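Trainee: I have a model open and would like to go through it with you. Could we start with the overall picture and then move to details?

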Amino acid sequence: MLMRYVKLGRTDLTVSEFGFGCIPIIRLSKDDAVKVLRHAFERGITFFDTANAYRDSEEKIGVAFAGMRDNVVLASKTLQRREEEAMGHLENSLRMLKTDYLDVYQLHQVAQEEDWHEVSGPAGALEAVMKAKAAGKVRYVGVTSHSLQMALKMVRSGLFDTVQFPFNLIEEGANVELLGATREAVLGFISMKPFAGGAIDNAEVAFKYLRNHSGVIPIPGFQSIDQVDEIVSIYSRPNIIDEQDIAMMENYRSELGKIFCRRCEYCQPCPQGVMITPAMGYPTVARRMSPPIAVEFCRKAMESVPLCTECGTCIERCPYELKIPEILKANYALYEKHLKEKQD
Ligand code: SF4
Ligand code: SF4
C-alpha cells in the first residue's frame, strides 16, 4: 500500500494519515521497540507522538530514528504547569529523542480551569514553550485534553497549532463542535485513543468510524509488527461502512456506554480526595503499560480509592451515570492483585 500523507492543520508539517501513539512501546524491550518503530516507518508511518510521562518511550524513539531525524515528525508533551519545570521537561525530551528540535510540543492534559490559569499565566508552562519556539527548539505548539469545554476554549484561544483529544466510536464528544472549531481555526486534530483505551477490540470497525471523519489523524498505539501491518492493511482498503458495521458500532455503544469512563473529569473533585479519573482508568493503563509498570504509574491514584465513602456525589456529576464507587472498587481489587503479583 502507498501511505497517504496529509497536512497537519495550518502547520507546514506533512504526516502519514495515521500516526503512532508511543505508550505501548513502554512494555517492550529496547530492541523490540526499535524494531516495531522502524517497521512502522518502513510501512509509511512518519508521525510519532510521545510524552515525558511515557517513561522510556522517548529514549526508544531516539534510538530508532537516530540519523534520520528529518524523515519523521516527532511530537512530545509535558505535564508540568510551571515555566522552569516545563523547560526542564523539554530539554530532557530533546536529549532522549536525540534531536535539537521537536515538530510539535504539547501541553499535556489541560483539563481543568485551574490548569489553564496556571499554564497560561505568568511563569506558566506556555511561556517556556513559546520561548522554546522562538529559539527554534519547538516548531509548533499543541495542547491535549480530555475535557471538551477546555479543548474548545484552547482551540479558540488562537495560541495552538494542534489539539489532541480522545475520539472514537464510543467517545464521540468531539464530533461536530470541537471538530468544527478545529477545522474553522485550521488546527491539526490528533485523535488519541482510537480503540477507547482497548475497550473496542475490532480494529476494522474502529478505523472505519475514524476514517469517516475528515481532518482526523488517529494515533493508535502499537506493540508488535503484526499490529502495524493490520492497521496499514485496513487503510489500504476503501472505507465502506455497511449495515453490519453500523450494528457493531451500536452494540459497542450500548455495551460500554454505562461502564466506560471518558476521562472528562466532570465528577471531580471528590470531597474525600479520591483521584477518581486516573483510578477509573487503571485497567486501561495496566493493559497498555503492563501491570508491573501500571502499579507504579497509578500508585498515588489507586491508594486514594479506599478513602471513598460511597457518598454518591460523583455519580450525580457524571454525565454518563457511571456507577463510579462500584467500578473503583473493582479497579482497586485489580490493582491489589497486580501489586501482589509484582511483590511475589
Ligand atoms: S467517571 Fe464520569 S464524569 Fe468522571 S471522568 Fe469518567 S466519565 Fe467523566
Ligand atoms: S462516591 Fe466516593 S469517589 Fe465518589 S465523590 Fe463520594 S467519596 Fe468521592
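Trainee: What radius of gyration does the protein have, and what would a compact globule have?

Mentor: The protein has a radius of gyration of 19 Å, which agrees with the value near 20 Å for a compact globule of 344 residues. The radius is taken over C-alpha atoms, and the globule rule is 2.2 Å times the number of residues to the power 0.38. Along the principal axes, the C-alpha trace spans about 55 × 55 × 50 Å.

Trainee: Before we go on, what kind of model is this, and how is it numbered?

Mentor: This is a predicted model, in which local features need pLDDT of at least 70 and side-chain atom pairs count only at pLDDT 80 or more, while totals for chains, interfaces and linings use all residues. Residues are numbered from 1 along each chain as its sequence is written, chains are lettered from A and ligands numbered from 1 in the order in which they are written, and side-chain values use heavy atoms, with hydrogens and water left out.

Trainee: How many helices and strands are there?

Mentor: There are 16 helices and ten strands. Both are DSSP runs numbered from the N terminus: helices are H or I with at least four residues, strands are E with at least two.

Trainee: What share of the residues is buried?

Mentor: Of the 344 residues, 55% count as buried. Buried means under 20% relative accessible area, exposed means over 50%, and partly exposed is in between (1.4 Å probe, protein chains only).

Trainee: And what about contacts across the sequence?

Mentor: Among contacts between residues at least 6 apart in sequence, 75% join residues at least 24 apart. A contact means heavy atoms within 4.5 Å.

Trainee: Let us turn to the sheet. What is the strand order?

Mentor: It is an open sheet of eight strands in the order E3-E4-E5-E6-E7-E8-E9-E10, with parallel pairing. Strands E3 (20-21) and E10 (216-218) stand at the edges with a single partner strand each, so one side of each has no neighbour in the sheet. Two strands pair if DSSP finds at least two bridges between them.

Trainee: How many bridges join E9 and E10?

Mentor: Strand E9 (residues 188-192) pairs with E10 over three bridges, in the parallel sense. There, Ile-190 has Ile-217 of E10 as its bridge partner.

Trainee: Is strand E5 buried or exposed?

Mentor: Six of the six residues of E5 (residues 73-78) are buried, so the strand is largely enclosed by the rest of the structure. Val-73, Ala-75 and Lys-77 point one way, whereas Leu-74, Ser-76 and Thr-78 point the other way. Strand E4 (residues 47-49) pairs with E5 in the parallel sense over three bridges, and Asp-49 stands opposite Ala-75.

Trainee: Which strands pair with E7?

Mentor: Strand E6 (residues 102-107) pairs with E7 over five bridges, with Gln-106 opposite Gly-142. E7 and E8 pair over three bridges, and Thr-144 has Gln-164 of E8 as its bridge partner. E7 (residues 138-144) is mostly covered, six of its seven residues being buried.

Trainee: Changing topic, where is Ile-61, and what does it touch?

Mentor: Ile-61 is found in helix H2 (residues 57-64) and counts as buried, at 1% relative accessibility. Leaving aside neighbours within four places in sequence, Ile-61 is in contact with Cys-22, Ile-25, Leu-37, Thr-50, Leu-74 and Leu-97. Leu-37 is 24 residues from Ile-61 in sequence, and their C-alpha atoms are 7.2 Å apart.

Trainee: What about unusual backbone geometry?

Mentor: Most residues other than glycine have a negative phi, and most peptide bonds are trans. Gln-268 and Pro-269 are joined by a cis peptide bond, with omega about 5°. Pro-269 is in the loop between helix H10 (243-256) and helix H11 (276-280).

Trainee: Which residues have a positive phi?

Mentor: Among them are Val-176, with phi of about 75°, and Ser-290, with phi near 90°. Val-176 lies in the loop between strand E8 (162-166) and helix H7 (177-184), while Ser-290 is in the loop between helix H12 (282-289) and helix H13 (291-297).

Trainee: Are those two buried or exposed?

Mentor: Val-176 is exposed, with a relative accessible area of 66%. Ser-290 counts as buried at 12%.
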